[in-house]
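Please open the model in a viewer and keep the sequence panel visible. The tour below proceeds from one selection to the next.

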Amino acid sequence: MERDSLARSIISTCLEMTRLGLNQGTAGNVSVRYRDGMLITPTGIPYETLTPSHIVYVDAGGKHEEGKIPSSEWRFHQMAYQTRPDANAVVHNHAVHCTAVSILNRPIPAIHYMIAAAGGNTIPCAPYATFGSKKLSEYVAIALKNRKAILLQHHGMIACEINLQKALWLAHEVEVLAHLYLATLAINDPVPVLSEAEIATVLEKFKTYGLRVEE
């Protein structure tokens, strides 16, 4: 896909993320794998005013185009692509329910079979580190090793998938799970969870389940 088309898809994803209530203001960021690096949203520019020329190319070594400043979180996007060769898109946001669970420093457990969309029986919470730091990207790499979506302690969430549509779909599903988890925590803690055997069954079924996107 041409760069301009990818850039427009990134902007559309950002706007849809806001429309879905997954993000606020200039928080969050979106990227796609491109050439030997990635295209990523810039820092500090409201999504509503983004144009394809604002989208920044960052190469595999972390070097970005002169005159453009990528999102402060470009490091963990880069680490996500290195950790997950199957991922071609990464969505990060500060969705309210995901962030609330991350403040509790808890993983989201197997409260619903949709947990399998993230690749396992939990959605883990990576330890806190300052935003934009190398340490945070290292924590992200560990947490994403066996998952497509994770929480970031006192921060937000990350979802990665084979394309932008599926990454945003997954981010939304994780936010719904976080909302359900918080609602059930208010009544019962610990919350009952599905068995490992059932999650294994669902993981197998998920090989042909989920958002279908025509290329």
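Begin by selecting Glu-73, which counts as buried at 5% relative accessibility. The model is a predicted one. In an unreviewed entry, UniProt places the feature "active site" at this residue, Glu-73. Along the chain, Glu-73 lies in the loop between strand 3 and helix 2 (74-83). Now display its surroundings: leaving out residues up to four places away in sequence, Glu-73 touches Asn-29, His-92, Phe-131, Gly-132, Leu-136 and His-155.

One of these contacts, Asn-29, leads to the next selection. Select Gly-28, Asn-29, Thr-43, Gly-44, Ser-71 and Ser-72, where UniProt, again in an unreviewed entry, places the feature "binding site". These positions are spread over 45 residues of sequence, yet they cluster in space, with a largest C-alpha distance of 10.2 Å.

Within this group, centre the view on Thr-43, in the loop between strand 2 (37-40) and strand 3 (56-58). Thr-43 is partly exposed, at 37% relative accessibility. Apart from its neighbours within four places in sequence, Thr-43 is in contact with Ile-69, Pro-70, Ser-71 and Ser-72. Gly-44 is also found in the loop between strand 2 and strand 3, and at 58% relative accessibility Gly-44 counts as exposed.

Another contact of Glu-73, Leu-136, points to helix 4. Select residues 134-144 and colour the buried ones: Leu-136, Ser-137, Val-140, Ala-141, Ala-143 and Leu-144. Against which elements do the buried residues of helix 4 pack? Their partners are helix 2, strand 5 (125-126), strand 6 (149-152) and strand 7 (156-161).

Remain on helix 4 and show the side chains of Lys-134 and Glu-138, two residues that lie 4 residues apart, about one turn of the helix. Lys-134 forms a salt bridge with Glu-138, and their closest N and O atoms are 2.8 Å apart. Lys-134 is exposed, with a relative accessible area of 55%, while Glu-138 is partly exposed at 28%. Elsewhere, salt bridges with shared partners join Arg-3, Glu-65 and Lys-68 into one network.

Move to that network and select Glu-65 and Lys-68, whose side chains meet in a salt bridge at 3.7 Å, N to O. Glu-65 counts as partly exposed at 22% relative accessibility, and Lys-68 is partly exposed with a relative accessible area of 21%. Next, select Asp-86 and Arg-84, where the side chains meet in a salt bridge at 2.9 Å, N to O. Asp-86 is partly exposed, at 35% relative accessibility, whereas Arg-84 is buried, with a relative accessible area of 12%. A search of the whole structure finds 10 salt bridges.

How many disulfides does the structure hold? The number is 0. Select Cys-98, which is in no disulfide: the nearest cysteine sulfur, that of Cys-125, is 10 Å away. Cys-125 is likewise in no disulfide. Cys-98 is buried, with a relative accessible area of 0%, and Cys-125 is buried at 16%.

Finally, turn to the surface and select Tyr-113, Leu-194 and Tyr-209, which make a nonpolar surface patch of about 280 Å². Leu-194 is located in the loop between helix 5 (164-185) and helix 6 (196-205). With a relative accessible area of 33%, Leu-194 is partly exposed.

How values were computed
Residues numbered from 1 in each chain as written. Predicted model: local features only at pLDDT ≥ 70, side-chain atom pairs only at ≥ 80, totals over all residues. Heavy atoms only, no water. Disulfide = S-S within 2.5 Å. Buried < 20%, exposed > 50% of the residue type's maximum accessible area, 1.4 Å probe, protein only. Patch = residues over 30% accessible without salt bridge, like charges linked within 9 Å, V, L, I, M, F, W, Y side chains within 5 Å. Areas by Shrake-Rupley, 256 points an atom, 1.4 Å probe, with all protein chains shown as cover. Salt bridge = Lys/Arg side-chain N within 4 Å of Asp/Glu carboxyl O. UniProt positions renumbered as here; feature names shortened; annotations may be inferred. Contact = heavy atoms within 4.5 Å.
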